[in-house]
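Please look over the fold shown here. The report starts with single residues and then moves outward to helix packing and the whole chain.

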Amino acid sequence: MFVGVDTSGSFRDSGNFDDSLTFLAHYLYGHLNDLGGLAVPRELFVGSIGGRSADEPKSFHPIHDFTGKTVEQIEADLRAWFPPTDTLTDFNAFFQQVARISKERNLVLAPISLVVVSDGIPDANGQKGGAAYTTLDLSSLEYLTRNLTLRLTYASPKVGEQWRKLVPRQRVRMWTVEADVMKGWKEQLAPNEDLAQQDRLWKWVLDNVDYRVRSTSA
């Protein structure tokens, strides 16, 4: 599992950045602790999507940085590691780093879930409207594995549609969850219940974020 956190100003200004980090802390905790049927990742890498200049490399935090921590500890780390201060949203540099790590770690035979926490709006060297989405380059991901799903969370309905229709792809499966839907995760939390007993929350995650996409046309 690879997770990309958008640290650009546009995502911060959307009003969803804080909620996304709280959700992501629960999401990672649920996966790492085998809660509610969530798949336990063999490997986990979490990095930022953004930079102060194009093609700026970023560090990825491995699974060891999250194992054994509480939700609160994970969220505190995410906020310390990923302050929303970058000026660019550089999806292509992030995709290339995912491909590089997958090859170096010999992960190419395993299914890969790529979770993108972002408003989904690319910085495309002056390209506007739909043309900006055609600049997103998934070619480095296409043949990493037979099963790679890109999950875009916290985008608007219009942006999600642009990703599904305009981002060039052949084998990469795509699933988008709009920001208004993502905000509903907190409603699934039962008060005064241990996380291991939060069945509604984990089912919501399975149904809405970890939905199994069966083809590249979804």
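Asparagine 106 counts as exposed because its relative accessibility is 55%; exposed means over 50% relative accessible area, buried under 20% and partly exposed in between, with a 1.4 Å probe and protein chains only. Asparagine 106 sits in the loop between H4 and strand E4 (112-117). Its phi is positive, about 60°, although asparagine 106 is not a glycine. Helices (H or I, at least four residues) and strands (E, at least two) are DSSP runs, numbered from the N terminus.

This is a predicted model, in which local features need pLDDT of at least 70, side-chain atom pairs count only at pLDDT 80 or more, and totals for chains, interfaces and linings use all residues. Residues are numbered from 1 along each chain as its sequence is written, and side-chain values use heavy atoms, with hydrogens and water left out.

Tyrosine 154 also calls for a look at its backbone. Its phi is near 75°, a positive value in a residue other than glycine. Tyrosine 154 belongs to strand E5 (residues 148-155). Is tyrosine 154 buried or exposed? With a relative accessible area of 2%, tyrosine 154 is buried.

**Selected positions**

| Residue | Location | Relative accessible area |
|---|---|---|
| Leucine 38 | loop between H2 and strand E2 (45-49) | 1%, buried |
| Proline 84 | loop between helix H3 (71-81) and H4 | 18%, buried |
| Serine 113 | strand E4 | 17%, buried |
| Arginine 100 | helix H4 (residues 91-104) | 39%, partly exposed |

Leucine 38 comes next. Which residues does leucine 38 touch, not counting residues up to four places away in sequence? They are Gly30, His31, Trp202, Val205, Leu206 and Asp210. Contact here means heavy atoms within 4.5 Å. Leucine 38 and valine 205 are 167 residues apart in sequence, and their C-alpha atoms are 8.3 Å apart in space.

Proline 84 touches Thr7, Ser8, Arg12 and Phe17, leaving aside residues up to four places away in sequence. The C-alpha atoms of proline 84 and glycine 9 are separated by 6.2 Å. Along the chain, proline 84 and glycine 9 are 75 residues apart.

Serine 113 touches Met1, Phe2, Thr149 and Arg151, again not counting residues up to four places away in sequence. Serine 113 and glycine 4 are 109 residues apart in sequence and 11 Å apart in space, C-alpha to C-alpha.

For arginine 100, the pair to check is with valine 71. Arginine 100 and valine 71 are 29 residues apart in sequence. Their C-alpha atoms are 29 Å apart in space.

**Helix packing**

Two packed helices are described by the angle between their axes and the distance between the axes. How do H2 and H8 pack? Helix H2 (residues 17-32) and helix H8 (residues 199-208) meet at an angle of about 95°, with axes 11 Å apart. Axes are lines fitted to C-alpha atoms, for helices over the stretch in contact, and angles run from 0 to 180 degrees between N-to-C directions. H2 and H8 are therefore roughly perpendicular to each other. That term covers 65 to 115 degrees; angles under 35 count as roughly parallel, over 145 as roughly antiparallel and the rest as oblique.

On the H2 side, the contact involves Phe23, His26, Tyr27 and Gly30. On the H8 side, it involves Leu201, Trp202, Trp204 and Val205. The residues of the contact of H2 with H8 divide into six nonpolar, two polar and no charged. Ala, Val, Leu, Ile, Met, Phe, Trp, Tyr, Cys and Pro count as nonpolar, Asp, Glu, Lys and Arg as charged, and the others, Gly among them, as polar.

**Whole chain**

The protein has eight helices and six strands. From the N terminus on, its elements run β-α-α-β-β-α-α-β-α-β-α-β-α-α. Of its 218 residues, 53% count as buried. Among contacts with a separation of 6 or more, 76% come from residues 24 or more positions apart.

The C-alpha trace spans about 50 × 40 × 30 Å along its principal axes. The radius of gyration is 16 Å, which agrees with the value near 17 Å for a compact globule of 218 residues. That radius is taken over C-alpha atoms, and the globule rule is 2.2 Å times the number of residues to the power 0.38.
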